[in-house]
Structures are given as C-alpha cells and as structure tokens.
Amino acid sequence: MSTTKKNIILVVGLAFGLVIVLPIMIGCLGEWIPVPGNLDAWIGYWGSLIGSALGIIGSIYLLQKQMKDNLEQIENQRNIDSFYKLLDLFLREQDRIRQTDNNNNDQSTKTIFSNLVSDINSSYSSSYAVKYILLLKNNQDEKLTELCDKVDAIYNERNSYFDVIDKLYDDVDFYRFINGVIVEEKISDKHDILGNYFRVFHRTLKFINHNFNGEEKDEYIGDLRGVLSEFELLSLYYNAFYTRRGLGMKKEFENQTNFFGNKTDFIEVENGADHIFFNIGVITNSKFVIEDMKKCLTMMLSLNLRVTIV
C-alpha cells in the first residue's frame with residue numbers, strides 16, 4: 001500500500017474517532033460518572049474543541065498535499081526543461097556531423113551514417129568477410145567452438161571460405177560473431193567523428209528512462225526518435241548491440257523502451273510490411289536485426305508485467 005493511501009486512511013480514521021466515537025464516549029461517561037455543571041454544555045464544549053482540532057488537522061493535511069503536488073510539478077517541469085536542453089545538445093551534434101559531411105567532397109550526396117550502414121552490410125555479404133572467418137578460427141573463446149566446427153566442416157568439404165559464407169548466411173551465431181567484428185571495426189574507424197554523438201544520445205535516452213513514465217515517457221521517446229534519419233537509427237542500433245562502447249546504450253534500449261517500434265509495428269513487419277522507421281532493404285540479414293530490436297520490446301513487456309504483478 002502506498003504512503004499516500006496510508007495517510008488518507010489515518011486521517012479518515014482519526015476524523016471518525018473524533019467526530020463519532022469520542023462524543024459517544026463522553027455521553028456514556030456522563031451517565032456513569034458525575035460531571036460538574038451541565039452535561040450538554042460539556043458536550044458542546046468538547047464538540048467545538050474537537051471540531052477546531054479536526055479543522056486544523058485537515059488544513060495541515062491539505063497544505064502538505066498541496067506542497068507535495070507543487071514540488072512534484074516543479075520537479076517534473078525541471079525534468080522537461082532538462083530533456084529539451086539535452087535534445088538541443090543532440091541536435092547541435094547532428095549539425096556538427098552534417099558540417100563534417102559537407103566539408104568532404106566525396107560525401108556530397110551521402111552522409112556518414114548512410115556510408116557506415118552501407119559499409120557494415122557490404123562487408124558482411126562480400127568477400128571482405130573472409131578475413132573475419134579467419135579471425136573466428138583463431139579465436140580462443142570456448143563459446144565459439146561449435147561455430148568454428150561448422151566453419152571447418154564446410155571448408156573441408158568445399159575448400160572455399162566463400163562457400164562458408166553462403167552456407168552459414170542464415171546462421172545466427174555466425175552472423176552475430178562476424179557482424180560484431182565488422183561493426184566494432186567500422187564504428188571505431190569513425191569514433192573521432194561519432195563518439196560524442198553516441199555519448200550525447202546515450203545520455204538523453206538514459207535521462208528519459210530514469211525520469212519519465214507511461215505516456216509521458218513514450219512522448220519524449222518519440223520526440224528523440226523523431227529527429228533521427230533511418231540511417232542514424234540503424235547506426236545507433238549497430239553501436240549499441242555490436243560494440244563494447246555501446247553496452248550502456250544497449251541497456252537503455254532494453255530499459256522499458258519501445259524505441260524500435262511497438263508490438264503492432266513488428267507484427268506488420270512479420271506480415272511482409274516495411275519497418276515503420278527504416279527501409280529493411282538496406283540491411284543484410286534483416287531478420288536478425290528485427291529479432292534484436294524485438295528483444296527490447298519483449299524485455300519492456302516482461303518488466304511491465306512484473307511491475308503489474310507486484
């Protein structure tokens with residue numbers, strides 16, 4: 001039971017005791033114990049005293065409640081102001097990157113983000129991925145032993161790493177390892193340009209998660225997502241899910257946010273529609289990307305269910 005409900009029950013109980021129970025007790029005592037003077041006068045005296053006390057208590061309670069409501073409104077307004085300051089800071093980061101784009105003659109028609117997404121996906125689906133297979137074979141992580149065995153079996157049969165890529169194209173473990181290495185390398189190459197952009201976004205998303213709830217939270221998540229292009233959104237996804245620096249951002253994506261879409265959005269994607277926020281056609285192995293994004297929604301629904309049960 002919340003503290004507010006306990007306080008209300010306490011005040012109502014006290015009022016009931018003062019207004020109903022106490023006068024009855026006084027009347028009964030007047031019958032059993034001799035009272036000097038007129039009993040009605042004593043009852044009137046105590047009634048006026050109790051009424052005054054009850055009025056004072058009610059006034060104090062209402063004053064405290066009003067002060068609490070005012071403090072909550074002030075705190076909420078402070079949070080709203082802080083969010084829009086962070087959003088403005090993020091918009092300035094976007095402008096800085098656009099200026100960087102404009103200063104590069106070879107990027108007059110493409111942005112850093114579209115190039116980044118293109119590089120990540122072409123690296124996975126081209127012969128460039130062969131070097132990442134070699135990295136996989138030299139990896140000492142026992143968790144990757146089974147995946148290495150798959151690679152060896154196909155290579156020993158076909159004697160071609162290109163055939164390995166074709167055969168394991170839809171293997172989720174293969175995808176996550178290869179994509180992880182590719183993304184880490186590609187984003188690290190652009191960290192001097194994008195590092196602060198990712199940090200400001202992470203800070204803004206974290207602020208929303210920790211200071212807003214319910215429809216208000218969805219509103220500010222929507223405001224933040226609304227300033228992103230589809231390639232920015234995908235770049236943020238890759239950074240969060242496939243780089244060491246992005247682990248904190250990934251936790252915020254999974255912290256009760258439907259940043260990548262709600263349940264209806266993903267049902268429509270499963271039925272063949274394009275994603276509401278980006279073109280699925282620009283992504284290699286889009287089904288794995290959608291699975292990652294759905295995990296955020298699944299975790300959000302799971303957390304909300306636990307809160308409801310508690």
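A charge is taken to sit over a ring if NZ of Lys or CZ of Arg is within 6 Å of the ring centre and within 35 degrees of the ring normal. In this predicted model, R225 lies over the face of F259, at 5.8 Å from the ring centre. Local features are reported at pLDDT of at least 70 and side-chain atom pairs at pLDDT 80 or more, whereas totals for chains, interfaces and linings use all residues. Residues are numbered from 1 along each chain as its sequence is written, and side-chain values use heavy atoms, with hydrogens and water left out.

**Overall organisation**

The secondary structure of the chain comprises 13 helices and zero strands; helices (H or I, at least four residues) and strands (E, at least two) are DSSP runs numbered from the N terminus. Of the 310 residues in the chain, 35% are buried, where buried means under 20% relative accessible area, exposed over 50% and partly exposed in between (1.4 Å probe, protein chains only). Among contacts (heavy atoms within 4.5 Å) with a separation of 6 or more, 74% involve residues 24 or more positions apart.

**Aromatic pairs**

A pair of aromatic rings is described by the distance of the centres and the angle of the planes. Rings of Phe, Tyr and Trp (its six-membered ring) pair if their centres lie within 6.5 Å; planes under 30 degrees apart count as stacked, over 60 as edge-to-face and the rest as tilted. The whole structure holds 18 aromatic pairs, including the two below.

| Pair | Centre to centre | Angle between planes | Class |
|---|---|---|---|
| F83 and Y220 | 4.9 Å | 55° | tilted |
| F90 and F201 | 5.7 Å | 55° | tilted |

The pair of F83 and Y220 links distant parts of the chain, with F83 in helix α2 (residues 39–102) and Y220 in helix α9 (residues 214–226), 137 residues apart. F83 counts as buried because its relative accessibility is 0%, and Y220 counts as buried at 5%. The pair of F90 and F201 likewise links distant parts of the chain: F90 lies in helix α2 and F201 in helix α8, 111 residues apart. F90 is buried, with a relative accessible area of 0%, and F201 is also buried, at 0% relative accessibility.

F90 and F201 belong to one aromatic cluster, which also includes F113, Y197, F198, Y237, Y238, F241, Y242, F253, F259 and F260.

Helix α2 also contains S82, which counts as partly exposed because its relative accessibility is 26%. The C-alpha atoms of S82 and T204 are separated by 9.4 Å, although these residues are 122 apart along the chain.

**Helix packing**

Axes are lines fitted to C-alpha atoms, for helices over the stretch in contact, and angles run from 0 to 180 degrees between N-to-C directions. The axes of helix α8 (residues 191–211) and helix α10 (residues 230–242) come within 12 Å and cross at roughly 85°. Helices α8 and α10 are therefore roughly perpendicular; angles under 35 degrees count as roughly parallel, over 145 as roughly antiparallel, 65 to 115 as roughly perpendicular and the rest as oblique. Y197, F198 and F201 of α8 meet E232, S235, L236 and N239 of α10 in this contact.

The axes of helix α5 (residues 145–158) and helix α7 (residues 172–189) come within 10 Å and cross at roughly 100°, so α5 is roughly perpendicular to α7. Here L147, K150 and V151 of α5 contact D173, F174 and F177 of α7.
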